[in-house]
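Morning, everyone. Please have the structure open while I talk, and I will go through it one feature at a time.

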Amino acid sequence: MDLSVLGPATAGFALGFSLIMAIGAQNAFVLRQGLRGEYVLPLVLTCAISDAILITLGVAGFGALISANPTLLTWVRFAGAAFLIVYGAMNFRAALRGGDALADKGGTAGSLSAAVMTCVMLTWANPHVYLDTVVLLGGISAQYSPAWAFGMGAVIASFAFFFTLGFGARLLRPFFTNPRAWQILDVVVGITMWAIAAKLIFGM
């Protein structure tokens with residue numbers, strides 16, 4: 001193994017992990033699904049593979065292209081905000097209904113396709129994802145040689161984080177057998193969605 005790639009790869013992993021672990025709509029959704037144990041593998045793969053694609057584009061030089069196209073970022077920003085407002089409202093409605101105990105198998109997130117589509121929207125309709133992966137990581141990767149090693153480290157960080165979040169959530173399952181806990185989670189997720197939407201609308 002070429003030891004010259006370890007430095008850039010380690011730097012990419014550290015920065016990528018620190019960016020991904022910030023609380024956001026995508027992470028909140030994966031956490032909720034992980035607590036329920038519903039479609040965890042497809043969802044964490046969707047998130048990690050999406051990040052891998054975006055990071056690869058950034059390292060390949062598309063970060064400069066996107067940052068130079070404010071119209072595209074504006075469109076994505078408002079589309080993402082609209083989706084987050086609707087999704088946040090759905091969580092508040094679930095909280096008002098009383099919450100679902102984890103043992104209650106009747107309250108599910110819907111079909112696999114619906115869960116994956118929600119995850120895709122929360123990922124690709126969020127301009128912060130592009131700023132973090134394509135623009136920021138892509139731009140910083142140019143400072144390292146080889147740049148692909150930095151990008152690979154960031155990709156590995158994404159896979160490590162989402163698999164830990166999705167499958168590690170089961171450790172909290174005993175707490176979420178209480179419907180009140182689900183109400184709290186739904187409210188927190190709803191607030192998170194609306195806060196991100198407000199930030200997108202009024203300033204990034």
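Let me start with a pair of helices. In this predicted model, helix 6, residues 127-141, and helix 7, residues 147-168, have axes that come within 8 Å and cross at roughly 140°. What do we call that arrangement of helix 6 to helix 7? The word is oblique, because angles over 145 degrees count as roughly antiparallel, and the crossing here is roughly 140°.

Which residues make the contact? From helix 6 they are L137, I140 and S141. Helix 7 brings A147, F150 and A154. Sorted by class, five residues in this contact of helix 6 with helix 7 are nonpolar, one is polar and none is charged.

Next, the surface. There is a nonpolar patch there, formed by F78, I85, W194, I201 and F202. Together they have about 520 Å² of accessible area. Helix 4, 70-96, and helix 8, 179-202, each supply at least two residues of the patch. Which helix gives the most? That is helix 8, with three residues. I201 is found in helix 8.

Helix 8 also comes into my last item. How many salt bridges does a search of the whole structure find? One. In it, the side chains of D186 and R32 meet, at 2.9 Å from N to O. D186 sits in helix 8 and R32 in helix 2, residues 25-36. The two are 154 residues apart, so to speak of distant parts of the chain being linked is fair.

That is my list.

Key. Residues numbered from 1 in each chain as written. Predicted model: local features only at pLDDT ≥ 70, side-chain atom pairs only at ≥ 80, totals over all residues. Heavy atoms only, no water. Axes fitted to C-alpha atoms, helices over the stretch in contact; angles between N-to-C directions. Helix = DSSP H or I, 4+ residues; strand = E, 2+ residues; numbered from the N terminus. Contact = heavy atoms within 4.5 Å. Nonpolar A, V, L, I, M, F, W, Y, C, P; charged D, E, K, R; others polar. Patch = residues over 30% accessible without salt bridge, like charges linked within 9 Å, V, L, I, M, F, W, Y side chains within 5 Å. Areas by Shrake-Rupley, 256 points an atom, 1.4 Å probe, with all protein chains shown as cover. Salt bridge = Lys/Arg side-chain N within 4 Å of Asp/Glu carboxyl O.
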